Amino acid sequence: IIEIPPSLRSVGLQTMTECETTILLRPTPTSSKSEFLATVIPKEETPKQNDVELPFEITLQDYTRDKWGSRVVSSSSTPWKAMVMKSTDGKNKISGFLKYLRERQKSAFGFFPSGGGSEEGLFVVPHQQQQNDIDENSFSCQFVMDKRLVLKPRPKQPPPNKKRADVQRIQQQHAVHSNSSSSSSAMGGKNGFLGKFLSAQRRTASCL
């Protein structure tokens with residue numbers, strides 16, 4: 001019997017040689033309910049199984065076409081851990097799911113707790129599968145125990161009120177500039193009010 005270390009037990013993690021992992025699928029990112037996809041374990045030929053730790057349950061909650069999720073990264077120089085999983089539930093949903101990803105050229109992903117604090121791991125099923133390693137009941141996947149290692153933080157957006165104030169300020173500056181140009185044009189120049197007034201004076205003087 002393999003004993004689960006307390007550090008893993010506290011966050012619901014398990015070594016993949018012990019137990020199965022249930023994969024749930026959220027139909028849309030805004031759905032409140034998740035549907036059962038498969039119960040999986042690593043295929044026997046998956047290398048370094050004892051080094052792999054995943055929670056008892058993972059929900060694939062969204063899709064991406066970003067490069068980091070498009071295919072399995074097998075290089076040891078990356079933080080990703082790649083493996084091939086096989087279904088044990090007999091419901092044969094894997095092949096249809098992979099077909100859905102492949103036709104739409106997008107990958108499914110989900111987050112899971114990976115530490116005692118607020119750390120989150122990232123689990124990905126790429127739409128580009130390793131065809132030599134899979135069959136109708138298996139799929140290749142990859143995951144990382146800290147999503148910050150592969151996901152770049154998005155730039156912070158200013159609050160809506162600040163954005164609105166900036167737009168109004170720019171519009172006011174443009175209006176002031178336009179009014180100033182109009183006033184200058186009206187008072188000066190050949191066709192301006194002052195220019196016409198001086199021309200009229202000169203014509204009057206010549207007549208006298």
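**Exercise 1. Reading the chain**

Which pattern does the chain follow when it is read along the sequence? Work this out, then ask how far the model can be trusted.

*Solution.* Start with a ground rule: this is a predicted model, in which local features need pLDDT of at least 70, side-chain atom pairs count only at pLDDT 80 or more, and totals for chains, interfaces and linings use all residues. Residues are numbered from 1 along each chain as its sequence is written, and side-chain values use heavy atoms, with hydrogens and water left out.

Step 1. Helices (H or I, at least four residues) and strands (E, at least two) are DSSP runs, numbered from the N terminus. The chain has 4 helices and 10 strands, and its pattern is α-β-β-β-β-β-β-β-α-β-β-β-α-α.

Step 2. Look at pLDDT, the predictor's confidence in each residue, from 0 to 100. Its mean over the chain is 77, with 63% of the residues at 70 or more. Over residues 1–11, however, pLDDT stays under 50. Where pLDDT is low, the predicted coordinates should not be read in detail.

**Exercise 2. The sheet**

Find the order of the strands in the open sheet, and explain why β5 and β6 stand at the edges.

*Solution.* Step 1. Two strands pair if DSSP finds at least two bridges between them. With this rule, 8 strands line up as β5-β2-β3-β7-β10-β9-β8-β6, with mixed pairing.

Step 2. β5 and β6 (62–64) each have a single partner strand, so one side of each is left without a neighbour in the sheet.

Step 3. Zoom in on one pair: β3 and β7 run antiparallel, joined over 3 bridges. Here V40 stands opposite S87 in β7.

Step 4. Now add α2, which lies across β2, β3, β5, β6, β7, β8, β9 and β10 and runs at about 65° to β10. Such angles run from 0 to 180 degrees between N-to-C directions, and the axes are lines fitted to C-alpha atoms, for helices over the stretch in contact.

**Exercise 3. The nonpolar cores**

How many residues does the largest nonpolar core have, and which helix gives the most to this core?

*Solution.* Step 1. A nonpolar core is a set of buried Ala, Val, Leu, Ile, Met, Phe, Trp, Tyr and Cys residues joined through side-chain atoms within 4.5 Å. Buried means under 20% relative accessible area, exposed over 50%, and partly exposed in between (1.4 Å probe, protein chains only).

Step 2. The largest core has 24 residues, and L60, F97, F123, V125 and F139 have the most contacts inside it. The helix α2 gives the most, with 4 residues.

Step 3. Contact means heavy atoms within 4.5 Å. Beyond its neighbours within four places in sequence, F97 is in contact with L25, L37, L60, A108 and V125.

Step 4. There is also a second, separate core of 7 residues, including W80, F109, L122 and V150.

**Exercise 4. Two loop residues**

Is L151 buried or partly exposed? Place L151 in the chain, then do the same for N92.

*Solution.* Step 1. L151 lies in the loop between β10 and α3 (160–187). L151 counts as partly exposed because its relative accessibility is 22%.

Step 2. Not counting residues up to four places away in sequence, L151 touches W68, F111 and L122. The C-alpha atoms of L151 and L122 are separated by 9.3 Å, although these residues are 29 residues apart along the chain.

Step 3. N92 sits in the loop between β7 and α2, and N92 is partly exposed at 46% relative accessibility. The C-alpha atoms of N92 and N137 are 6.2 Å apart, with their positions 45 residues apart along the chain.
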